[in-house]
Amino acid sequence: MSDQIQFIVEKLNQEPFRKNYNLITFDSLESVQLLQLLSDVLGEIDPKHAVDIREELPENTAKRMLTLLGILKYKPPGSVTDLSAFRQGLVTGSKPVIHPVLHWLLQRTNELKKRAYLARFLVKLDVPVEFLQDDTVADINKQYEELMEAFKNLHKECEQLKTSGLSTAEIRRDISAMEEEKDQLIKRVERLKKRVETVQNHQRMLEIARQLRLEKEREESLAHQKQEQKNQLFHAEQRLQRAQLQLKEMHHAVVDSKPESLMKKLEEEINFSSYLTTEKIPRELESKKKSVYFLQKAIAEPAMGQSDLNVLESKINEVNAQINQLIEKRMMKYEPIDSKFSMYRQQASIISRKKEAKAEELQAAKEEMSSTEKQMIQKTNQAHELDGSEVLKGDELKHYVNKLRSKNTVYKRKRLEIAEITAEYGILQRTEELLKQRHEAIQQQLQAIEDKKGISGYSYTQEELERVSAVKSEVDGMKGQTLDNMSEMVRKLNAMVAEKKSSLAPVIKELRQLRQKCQVGRNTSECFEHSESSACSADGKHSGKEKHDRFEVKGLLEECTQEESNYHYVNCMKKNLEIQLQRVKEEMKTYVSPDPQERRKAIRERFFKTLCLCLLLPYEGVSRESHFLVQCRGGISSALYLSV
């Protein structure tokens, strides 16, 4: 005991504690001071435990120390057999409990530091089973375990590298070689940058290349996800096929069932249920209880390392070997080798094991069947709620499935076409962008060349001239069409004038004859009046003839008056035509006049100017129109006048 205390004092006086204790001062320490000293030693091993025990409750202090001692795999000495007594002594700061702990900790400080460091990453969290039912929690727990295994492997590699004894010269050579490779890569990158900088829009190209790389990585991840989903879909389809097959078998069994078969089936189910309740379930329950007991016992014990596990495995192997030897001795003692019962016993044990295996398979099949039935009922209810109709069966279901397959085929084909069109649209859009960029670049280059040659704005002027030329060609076309229309109008007017002249010629001829007749009628009326005044005293026997003559003369007078009015109408039309012809001659004279001011007074020029203003076109003289008007010889002026 004194050697133990002396060892503790020596260690505490050294680095990093420097307590300056001796045997007397150390032995005179109170319980609180001993606990603080133990906490300091534990804090040196694990920095998280470097706390002042006066700032925490005694229960928390004892719990913290016990947890760390369990992680460090500390086992109480043989004198302290009761774990509760050890805990009580640790809470009260008992010297018989604290001194062995200090001695054990100070003996292997470096090893315990390493163990405490590893415990921060390798002590698994106790997650309740009901929480693991959640997919998110299960995935996180799985990732946690994978990271723990990765940490183990990395730590092993690190330890191997530490103990491998690599020479510093080799490491330096490797470092120098890697630095040379780094310099070469840097120079190569610089050369590539210089080459790329000469290319136009290199930043955009680099960005596009980066996006392409990201998209390829995304494509790989999507392909991986697609493969996983295909596997999941395949497994789901297999489960669905099995469930449908079982359902079909159950339907056939119900349709073809008879009372005898139903009774036999019920007897089998009763036998199976009785077997489960009397044999299988109690045995499984007993095994579960034993497992729970052993697990609780293992939890109560301190944590064990690989060496402890190896010792336990060796003990288990020894105990199993002893058990096998005892079984062989028992068989040799109570059962002869040539006994016939051994064969029957083996067969019975084999049959019992097969029976248990089949019972487990049957139980699993029944559970799967029940879950499938629940899913079928749930899906049927959902379909009934959504559609409101009964679930299709038999031939109707087959017809519906075939219809869906055909529609699915059409849908896939259309979707593929849409994808192709979308891809083509993207390509065309990208091509358009590239062409626009090239056009802008070419325009910039052309502008720079023009500035360099001193003809800035040449291309713009050329484009404007081309545009004006195109507009002028359109105007010329419109002018030509207008002149064609005007020539057609003049031709029609000339034809109408000629037609009117030809139609008026016989009327004028008849008018001349009627004028002569009218003169004769006037002379006749004068003679008649003279004869009437002279014959007033004549005999009344001629009164009837005179009356008849009066009526005839009156009719002739009315006819003469009508013909006279026709004559005056034709005479007015003739005067109008003469006036129009005079205006046409004046228009032709004004148009062919050498004076520009006089030509502007022409009706044709005023009409053409108004037409140009309406069409928003420049007003200018064209030789083509002048030539056309000369050919028309004054007819167009008359047409323009009539149109205005």
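Visitor: Is R430 buried, exposed or partly exposed, and what is the relative accessible area behind that label?
Guide: Happy to start there, with the reminder that this is a predicted model. Buried means under 20% relative accessible area and exposed means over 50%. R430 falls in between, so it counts as partly exposed, with a relative accessible area of 30%.

Visitor: Which residue forms a salt bridge with R430?
Guide: In general, side chains of opposite charge can pair when their charged atoms come close. Here the closest N and O atoms of the pair are 3.3 Å apart, and the cut-off for a salt bridge is 4 Å. The partner is partly exposed, with a relative accessible area of 33%. That partner is E433.

Visitor: What separates E433 and R430 along their helix?
Guide: Both residues belong to helix 15, which covers residues 394-453. They are three residues apart there, so the separation is about one helical turn.

Visitor: In which helix do E217 and R213 sit, four residues apart?
Guide: The side chains of E217 and R213 meet in a salt bridge, at 3.4 Å from N to O. E217 is partly exposed at 42% relative accessible area, and R213 is partly exposed at 43%. Being four residues apart, they are separated by about one helical turn, and the element that holds them is helix 11 (residues 202-255).

Visitor: How many residues apart in sequence are the parts tied together by E44 and K113?
Guide: The side chains of E44 and K113 meet in a salt bridge, with 3.2 Å between N and O. E44 lies in helix 3 (residues 31-45) and K113 in helix 7, so the pair ties together parts whose separation in sequence is 69 residues.

Visitor: Is K113 buried, exposed or partly exposed?
Guide: Its salt-bridge partner E44 has a relative accessible area of 28%, which makes E44 partly exposed. For K113 the relative accessibility is 30%, and the label is again read against the limits of 20% and 50%. K113 therefore counts as partly exposed.

Visitor: How many salt bridges does a search of the whole structure find?
Guide: Among them are E44 with K113, E217 with R213 and E433 with R430. The search of the whole structure brings the count to ten.

Visitor: Which residues of helix 7 are buried?
Guide: Helix 7 spans residues 109-122, and its 14 residues reach 19 Å from the first C-alpha to the last, close to the expected 20 Å. To be listed as buried, a residue needs a relative accessible area under 20%. Those in helix 7 are T109, L112, A116, L118 and A119.

Visitor: Why is helix 6 largely enclosed by the rest of the structure?
Guide: Helix 6 covers residues 95-107 and reaches 18 Å from its first C-alpha to its last, close to the 18 Å expected. Its buried residues include H99, P100, H103 and W104. The helix is largely enclosed because the number of buried residues, out of 13, is ten.

Visitor: What percentage of the 644 residues in the protein chain is buried?
Guide: The protein chain has 21 helices and zero strands. Its exposed area is about 51800 Å², with 57% supplied by carbon and sulfur atoms. Of the 644 residues, the buried share is 16%.

Visitor: Which residues make the nonpolar surface patch of about 270 Å²?
Guide: One member, M178, lies in helix 10 (residues 168-197). The patch of about 270 Å² is made by I171, I175 and M178.

Definitions and conventions
Residues are numbered from 1 along each chain as its sequence is written. This is a predicted model: local features need pLDDT of at least 70, side-chain atom pairs count only at pLDDT 80 or more; totals for chains, interfaces and linings use all residues. Side-chain values use heavy atoms; hydrogens and water are left out. Helices (H or I, at least four residues) and strands (E, at least two) are DSSP runs, numbered from the N terminus. The expected span of a helix is 1.5 Å times one less than its number of residues. Buried means under 20% relative accessible area, exposed over 50%, partly exposed in between (1.4 Å probe, protein chains only). Accessible areas come from the Shrake-Rupley method with a 1.4 Å probe; for residues, only the protein chains shown count as cover. Patches are made of residues with over 30% relative accessible area and no salt bridge: like charges are joined within 9 Å, nonpolar side chains (Val, Leu, Ile, Met, Phe, Trp, Tyr) within 5 Å.
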